[in-house]
Amino acid sequence: MKIKVRRYHPHFEPPSIDMEYEVPKDLTLLESLEFIKKEKDRTLTFSSMCRSGVCGSCAVRVNGKEVLACEYRVQEGDYIEPLNFVDCIRDLVVDLSRPLEKLKSAKTYPLAMHAGMSEEEEKLIERQSDCILCNSCYSSCPVYETNFSFLGPFALSRTYRYVADSREEDKKDHIDAVVTDGIWDCILCGNCTEVCPQGIDPKNDILMLQSWAAKFGHTNPHMANFGSFGLEF
């Protein structure tokens with residue numbers, strides 16, 4: 001079967017080209033990339049570590065949708081390219097420093113926790129704690145096409161993990177950190193939820209953060225624009 005891989009190298013002319021390769025059937029994408037590197041083209045560059053869907057390092061886009069290469073089964077005619085909205089270093093390897101910086105801006109860490117948590121309370125934040133930082137949600141988010149300052153799905157989900165944590169006493173500081181370029185800028189398209197390999201629902205987490213923000217007196221600044229429009233009959 002044949003697949004196409006978008007190749008990138010700063011010294012190529014042009015720097016980005018599509019190359020077609022023939023690979024055996026019934027392989028995962030990661031196995032196919034390894035086959036190409038070993039048997040076809042040793043210059044192909046990609047990332048991988050755990051090979052079991054745990055580390056998130058092999059995330060790429062296939063036919064315009066984010067997947068983990070170690071879990072995705074290759075189909076005839078697949079088009080493989082690197083993640084969106086990050087700088088490509090070479091081929092399928094990208095620089096993830098920019099999205100990871102969002103975690104600091106969103107205060108995705110404990111601020112003022114007291115000890116003790118019941119098993120039921122732990123289950124309420126269990127899903128958000130499963131994030132593997134694969135950046136699939138970041139890559140799928142259309143907001144980044146116009147606003148690179150947006151905190152993004154995985155940072156906001158991680159913020160909600162601490163807001164929902166029964167031990168966290170300083171919830172307002174978490175909320176205050178995500179009202180600008182954060183919860184109100186999300187368009188709630190659900191792309192992030194669809195591509196998350198861990199089954200996390202950032203869209204719902206953002207909605208929950210919006211509810212918490214309202215409790216602390218924050219309002220959606222975009223809604224203020226609607227007040228200046230009226231209907232005439």
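This report describes the fold, the core, two helices, the salt bridges and one buried acidic residue of a predicted model.

Residues are numbered from 1 along each chain as its sequence is written, and side-chain values use heavy atoms, with hydrogens and water left out. Because the model is predicted, local features need pLDDT of at least 70 and side-chain atom pairs count only at pLDDT 80 or more, while totals for chains, interfaces and linings use all residues.

**Overall layout**

The protein has eight helices and seven strands. Helices (H or I, at least four residues) and strands (E, at least two) are DSSP runs, numbered from the N terminus. Along the principal axes, the C-alpha atoms fill a box of roughly 60 × 55 × 35 Å. Of the 233 residues, 42% are buried. Buried means under 20% relative accessible area, exposed means over 50%, and partly exposed lies in between (1.4 Å probe, protein chains only). A contact means heavy atoms within 4.5 Å. Among contacts with a separation of 6 or more, 61% are between residues 24 or more positions apart.

**The nonpolar core**

In soluble globular proteins, nonpolar side chains tend to be buried together. A nonpolar core is a set of buried Ala, Val, Leu, Ile, Met, Phe, Trp, Tyr and Cys residues joined through side-chain atoms within 4.5 Å. The largest such core here has 53 residues, and those with the most contacts inside it are Val 5, Leu 29, Val 60, Ile 80, Leu 156 and Ile 183. Elements that each supply at least two residues of this core include strand E1 (2-8), helix H1 (29-40) and helix H8 (202-215). H5 gives the most, with five residues.

**Two helices with a buried side**

An α-helix has 3.6 residues a turn, so residues three or four places apart point the same way. In H1, the residues Leu 29, Leu 30, Ser 32, Leu 33 and Ile 36 are buried. These fall within an arc of 165° seen down the axis of H1, so they line one face of the helix. The arc is that of the directions from the helix axis to the C-beta atoms. E1, strand E2 (16-22), E3 and strand E5 (79-81) pack against the buried residues of H1.

Helix H2 (residues 97-105) has Pro 99, Lys 102 and Leu 103 buried. They lie on the same side of H2 because they cover an arc of only 105° around the axis. Helix H4 (136-140) and H5 are among what covers them. Just after H2, Lys 107 takes a positive phi of about 55°.

**Salt bridges**

Side chains of opposite charge can pair when their charged atoms come close. A salt bridge is a side-chain nitrogen of Lys or Arg within 4 Å of a carboxyl oxygen of Asp or Glu. The count by this rule comes to eleven. Three of them are listed here.

| Acidic residue | Basic residue | Closest N to O distance |
|---|---|---|
| Asp 41 | Arg 7 | 2.9 Å |
| Asp 91 | Arg 7 | 3.0 Å |
| Asp 165 | Arg 167 | 2.8 Å |

Asp 91 is in the loop between strand E6 (88-90) and strand E7 (93-94), and its partner Arg 7 is in strand E1, 84 residues apart. Both Asp 91 and Arg 7 are buried, and Asp 41 is buried too. In the third pair, Asp 165 is buried, with a relative accessible area of 0%, whereas Arg 167 counts as partly exposed at 22%. Elsewhere, salt bridges that share partners join Arg 6, Arg 61, Glu 66 and Glu 81 into one network.

**Glu 168 and its loop**

Glu 168 lies in the loop between helix H5 (153-163) and helix H6 (171-176). Glu 168 is buried yet has no salt bridge, and the nearest side chain of opposite charge, Lys 171, is 6.9 Å away. For this purpose Lys and Arg count as positive and Asp and Glu as negative, while His and the chain ends are not counted.

What does the side chain of Glu 168 reach at 2.9 Å? It reaches the backbone nitrogen of Ala 112. A polar atom of the same side chain also lies 2.8 Å from the backbone nitrogen of Leu 111. Not counting residues up to four places away in sequence, Glu 168 touches Tyr 109, Pro 110, Leu 111, Ala 112, Met 113, Tyr 162 and His 174.

Asp 170 is found in the loop between H5 and H6, and counts as partly exposed at 25% relative accessibility. Leaving aside neighbours within four places in sequence, Asp 170 is in contact with Leu 111 and Ala 112.

Notes
A polar contact is a pair of N or O atoms within 3.5 Å; within protein, one must be able to donate a hydrogen and the other to accept it, and residues adjacent in sequence count only if both atoms are side-chain atoms.
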